[in-house]
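Visitor: I am new to this structure and should be grateful for a close look at a single part of it.

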Amino acid sequence: MKEVSRISIHLQLLGLLLAVNGFLLHCQAWPARYTFVVEDTPYTRLCSTKNILTVNGQFPGPTLYVHKGHTIIVEVINRGSRNITLHWHGVAQPRNPWSDGPDYITQCPIQPGAKFTQKIIFSTEEGTLWWHAHSEWDRATVHGAIIIYPSKKSKYPFPKPHAEIPIILGEWWKEDIGKLYTRTIQTGGDPNTSDAFLINGQPGDLYPCSKSDTFKVTVDYGKTYLLRVINSAVQEILFFAIANHKVTVVGTDASYTKPFTTDYVTISPGQTMDLLLHANQSPNHYYMAATAYVGGAVPYDNTTTTALLQYANRGTKGNYTPSSTHLLPNLPAHNDTNASVHFSGSLRSLADKNHPIDVPLKITNHLFFTVSVNTFACPNNSCAGPNGTRLAASVNNISFVNPSIDILQAYYYHVNGVFGTRFPKTPPLLFNFTAQDLPLYLQTPKRGTEVKVLEYNATVELVFQGTNLVAGDDHPMHLHGFSFYVVGMGLGNFDKDKDPLTYNLVDPPLQNTIAVPVNGWTTIRFKANNPGVWFMHCHLDRHMSWGMDMTFIVKNGKDPKAHILPPPPDMPPC
């Protein structure tokens, strides 16, 4: 494949193309159909070439453009060398868990040479989401943006931007990602950290053999641009900023927020942020940059990815000579937990008459879940984790084990023995979760494939509590099938008497992924009005693979329109 080596966007043209594309979406056949061919493709980064899994040969993959409430069909054809599944991150998929994507939860993988036609049902989402592989760690290269425009009779709740720019943050390993995953699972240790971070598939000026391919954006002085930022990184939360420029946050996870202006953004793997950029600085070339935020004492990639924001040499501020060196933004320190929590805590739902919210106030199900890194003992201390152990992770002390067939199929067809229904609503042991020195026996969880069953229309409050077992860390938790209101967040142990008094029940942000701070807590609320089988997991993929996962089953309601839709005819076999 011949890769385009230099990407420079003329944003007036991009704005025109997006407008035309939006018009075509209105006029095209219903529902729109796409073909995604998963295939091995050679790509060169950091002075070396390797084969990576891609969709349609593209990295990042193709962008999907839809309008609010539309349905699309995606035929996924696997011509690659590995099993694959695709997940439509943040799309609720009402009554349609069959196309949600996580392997062994809602489907078995699409094997090489096979295909699967997925129906993607959009409902209340509006803004930016993304799609990605949901098998092993293949999403490192198999991912792309989803742009959800307002419905035909609506418009943005902010002035229309001059143009829109997807900004996909990612990670790159020189090593084959499948081999990295396999070795990590086999040895029981931490995976090697990535060799680079990426902006729209490119490492940027600060890495070897990368400067000429740095992603570049050309802007006109005085214009406003909508940046649709996605964190597709596999293992790291990221700080993102643009030198000498502030950005205004107007949306997250396909839900609008009250605008607030900031010097930097904290964005977890899985999250999206919609940012307005006002090109109001002295014309020059400025770096946009991203680097890791790591709250725990764990290995991390300490490099910085960059892209260039270039003012056009035209208009009232044109005819300038750019500086020979470009300014880098002032990003928070890599371990600045206060900066991360402050940003997340500043998000508020727009909550106006055109974008109302519905925070559950009368709670029927109170849940308290600890999220922990753990260890299992190995014979003769032969594993690569701490003191010869195998690294693991858990929710409420249960380290999730994938079944041999998917949970959805077992639930729908009443297949016994695949999963249990005794996932606890509270942890089995209560202790000082964030203490510095915890007894070693607390580090060992139980293995299991347990689900939590919810009645249709149950109202759920779920408190995530981070623990300091093995190594405290931030945990970006993602719930499939729902968006949830983030009503509270704090550091230390959750206080059931005091902390609920601080909840924001007026305009909390509506998200699908939220970081539980290192040795802290986060409270979410949602209404279980989407029948099906829905995965919940940490979006740091090493933690997910170690077992920081669980599954909700939401039962059918009484009305047939509140039942799971029937399965498609071409579900991949197990």
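Visitor: Which residues does I167 touch, not counting residues up to four places away in sequence?

Guide: A word on the basis comes first. This is a predicted model, in which local features need pLDDT of at least 70 and side-chain atom pairs count only at pLDDT 80 or more, while totals for chains, interfaces and linings use all residues. Residues are numbered from 1 along each chain as its sequence is written, and side-chain values use heavy atoms, with hydrogens and water left out.

Leaving aside residues up to four places away in sequence, I167 touches I199, N200, F215, L227, R228, V229, I230, F240 and M288; contact here means heavy atoms within 4.5 Å. I167 belongs to the largest nonpolar core, which has 55 residues. Such a core is a set of buried Ala, Val, Leu, Ile, Met, Phe, Trp, Tyr and Cys residues joined through side-chain atoms within 4.5 Å. Buried means under 20% relative accessible area, exposed over 50%, and partly exposed in between, with a 1.4 Å probe and protein chains only. The residues with the most contacts inside this core are I167, L169, F240 and L275. The element that gives the most to this core is strand β14 (residues 237-242), with six residues. Strands (E, at least two residues) and helices (H or I, at least four) are DSSP runs, numbered from the N terminus. In soluble globular proteins, nonpolar side chains tend to be buried together. Another core, of 33 residues, lies apart from the one that holds I167; among its members are L391, I398, F552 and V554.

Further along the sequence from I167 comes helix α2 (residues 177-187), whose buried residues are I177, G178, L180, Y181 and T184. They cover an arc of only 165 degrees around the axis, so they lie on the same side of α2; the arc is that of the directions from the helix axis to the C-beta atoms. K179 and Q186, on the other side of α2, are exposed. The buried residues of α2 pack against β3 (48-55) and α5 (541-546). At the N-terminal end of α2, D176 acts as a cap, with a side-chain oxygen 3.0 Å from the backbone nitrogen of G178. After α2 comes G188, whose phi is positive, near 80 degrees.

As for the setting of these parts, the chain has five helices and 33 strands, and buried residues make up 61% of its 574 residues.

Key. Polar contact = N/O pair within 3.5 Å; in protein donor to acceptor, adjacent residues only side chain to side chain.
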